[in-house]
Amino acid sequence: MPKAKETAPSARSCTSHRNAASTNADTQLVRVTHPFHPLFPRQLPCVGKRYNRHGERLLLQTEDSTVWSVPPQWTDLVSPDPEVAMSNGRSLLRVADLMELTALVERLSSKSGTR
């Protein structure tokens, strides 16, 4: 049985890779908001969405047709963390991260105290 011929993927909306009849007019522009990403603060078309072992990834295409895989949290599609927004960008760590760090330090301290 002959293999199906693979064609280049067409531009798709960022909402799903299962959308039917997506056109370039449907393509959503996404701004990279992560301050240390090489594409910051560019606004690029999202040509797809994929999932891998690290979770959901958006596929953003640059002018030279290179496709970058970016977590949605690094784009303007996801609302900013409320703690960071309330602190006007001055928050270095989230409360959840600090609580997890505290628990880790306590676990490590109790292990080293038993030696």
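This passage walks through the fold, the salt bridges, the nonpolar surface patch and the main pocket of a predicted model.

It helps to begin with the overall layout. The protein contains two helices and four strands, and reading along the sequence gives the order β-β-β-β-α-α. Of its 115 residues, 22% are buried.

With that layout in mind, the charged contacts can be placed. Two salt bridges are present in the structure. One of them joins the side chains of Arg42 and Glu63, with a distance of 2.4 Å from N to O. This pair ties together distant parts of the chain, as its members are 21 residues apart. Arg42 belongs to the loop between β1 (28-31) and β2 (43-52), while Glu63 belongs to the loop between β3 (55-61) and β4 (67-70). The partners also differ in their surroundings: Arg42 has a relative accessible area of 32% and is therefore partly exposed, whereas Glu63 reaches 65% and so counts as exposed.

A salt bridge is also found between Glu56 and Lys49, where the closest N and O atoms lie 3.3 Å apart. Here Glu56 is partly exposed because its relative accessible area is 29%. Lys49, despite its charged side chain, is buried, with a relative accessible area of 13%, which falls under the 20% cut-off for that class.

Attention can now turn to the nonpolar side of the surface. A patch is formed there by Leu92, Leu93, Leu98, Leu101, Leu104, Val105 and Leu108, and together these residues offer about 670 Å² of accessible area. One of them, Leu93, sits in the loop between α1 (82-86) and α2 (95-112). The relative accessibility of Leu93 is 46%, so this residue counts as partly exposed; residues qualify for a patch with over 30% relative accessible area and no salt bridge.

The last feature to visit is the largest pocket, which has a volume of about 590 Å³. Its lining is made up of 19 residues. Those nearest the pocket centre are Pro35, Gln73, Pro80, Asp81 and Val84, and they are a good place to start when looking for the pocket in the structure above. Sorted by class, the lining includes nine nonpolar residues, together with six polar and four charged ones.

Terms used: Residues numbered from 1 in each chain as written. Predicted model: local features only at pLDDT ≥ 70, side-chain atom pairs only at ≥ 80, totals over all residues. Heavy atoms only, no water. 1 Å grid on protein atoms, 1.4 Å probe; cavity = no way out; pocket = protein on both sides within 12 Å on 5 of 7 lines; lining within 4 Å. Points joined across faces, edges and corners; volume = space filled by probe spheres on them. Patch = residues over 30% accessible without salt bridge, like charges linked within 9 Å, V, L, I, M, F, W, Y side chains within 5 Å. Areas by Shrake-Rupley, 256 points an atom, 1.4 Å probe, with all protein chains shown as cover. Salt bridge = Lys/Arg side-chain N within 4 Å of Asp/Glu carboxyl O. Buried < 20%, exposed > 50% of the residue type's maximum accessible area, 1.4 Å probe, protein only.
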